[in-house]
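Visitor: I'm new here, so could you walk me through this one? Let's bring it up first.

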Amino acid sequence: LLVVAALLQVAGLISAASATALVSLAVALALAGLAGLSSHGGKRLVLVAVLVVLTGGTLLAVLRGAEILNPTHGNNPLRLRAGNIRIAGEMTADHPWIGVGPGGYGERYPAYRKPDDNESRHVHNLPMELVAEFGIPAGSALAIAFFILFLGPLARERIREAGGPGFRAAVAVGLAAFAVHNLADYTAFMPSLMWLAALLLGLLWRGSGSRETEQRGGLDLAAVAVVLLAAAVVAASGLAGNARSAALAAEAGGDTAGALAGAGGAVTLAPWDPDARLLLCRLQLLEGRVPEAAVHLDRAIRLAPCRPAARSARSMVRLQGGDLVGAWSDAREASRLYPMDPGYREQAVRLESLIRGRLPR
């Protein structure tokens, strides 16, 4: 079973052709060996780490070629991540104490983007993303806690195994690789992967025997309540995402009523999701239901004030309502929020020209 699982994971690494994943695995194996994870296998783990780098690097060179080998290539992962980290640093410099808010990096990214930067909602570096979104004090504390939690099992004496590395040691290496990977990627921000990592970490803690029989009462209940609340939010958001996808499929098939119903269901499931409201608004505008669309647009902008698409949509709604100045104001804000998008800039210039044409000479 373990051999089959290992082969599946190797196949996954090859099919993903992820340089950061391979390097993270090698670093985790090296750390495990240097930490003496097993009295019999420490040196062998370091050797395996070297082999992973050599064989993985050769495979990546074959599969991705110039993307990996040429640092100036448009899709070179290090170059693209350097741009993301630069933007996170600029955000942190602008908002050092409280950050731009949870999820704010992806919302504010367009305003900082330069021509050679990619489209991205994450920094591909967990500490920098946390600092940019929560500020330097809170973001640093969260990042330190993350690495203590997921690198900690490598250093804990209780996971050493006399017969060589086994299940618990393998889980510790996997969690370490997961943690290291978040220095160059954003897997901790993917709910499915984060839940899996947290469950595996919990298995190590529960199996340690040190506190398993202690009665913690209220603390356990509070932890369960927090997890249930988080699970409910994630589940509702996921179901809303499914409803949005169904609405888009219905729209593509010409079923306008089904599309509206799906978008409305997404708003009901996740009223905190601006994407659901923006989709519902767009469908309502196509049906000529301008007042209803305006209400949802205002709410979407309150939820995501830095979303240029929402500002641009409200600009068009205001223009239909005869509010030319308000339409220009929103169009100008959309262009400011995403200066590299020519469509937003052209919209603002066109509306400004209309205003100038109506001014008395």
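Guide: One term before we start: buried means under 20% relative accessible area, exposed over 50%, and partly exposed in between (1.4 Å probe, protein chains only). This is a predicted model, where local features need pLDDT of at least 70, side-chain atom pairs count only at pLDDT 80 or more, and totals for chains, interfaces and linings use all residues. Residues are numbered from 1 along each chain as its sequence is written, and side-chain values use heavy atoms, with hydrogens and water left out.

Visitor: Which element has the highest mean pLDDT?

Guide: pLDDT is the predictor's confidence in each residue, from 0 to 100. The protein chain has a mean of 83, and 84% of its residues reach 70 or more. Helix α4 (residues 66–69) has the lowest mean, 63, among the elements, and the highest, 95, belongs to α7. Helices here are DSSP runs (H or I, at least four residues; strands are E, at least two), numbered from the N terminus.

Visitor: How many salt bridges does the structure hold?

Guide: Side chains of opposite charge can pair when their charged atoms come close. For a salt bridge, a side-chain nitrogen of Lys or Arg has to be within 4 Å of a carboxyl oxygen of Asp or Glu. By that rule, the count is 16.

Visitor: How far apart in sequence are the parts that R307 and D275 tie together?

Guide: These two form a salt bridge, with their closest N and O atoms 2.7 Å apart. R307 sits in the loop between α14 (290–303) and α15 (308–320), while D275 is in helix α13 (residues 274–286), so the tied parts are separated by 32 residues.

Visitor: Is D275 buried, partly exposed or exposed?

Guide: Its partner R307 has 12% relative accessibility, so R307 is buried. D275 comes in at 33%, so the word for D275 is partly exposed.

Visitor: And E107 with R121, which of those counts as buried?

Guide: They share a salt bridge, the closest N and O atoms being 3.6 Å apart. R121, at 48% relative accessibility, is partly exposed. At 15%, the buried one is E107.

Visitor: Are the rings of F146 and F178 stacked, edge-to-face or tilted?

Guide: Rings of Phe, Tyr and Trp (its six-membered ring) pair if their centres lie within 6.5 Å; planes under 30 degrees apart are stacked, over 60 edge-to-face and the rest tilted. The structure holds six such pairs. For F146 and F178 the centres are 5.9 Å apart and the planes at 55°, so the pair is tilted.
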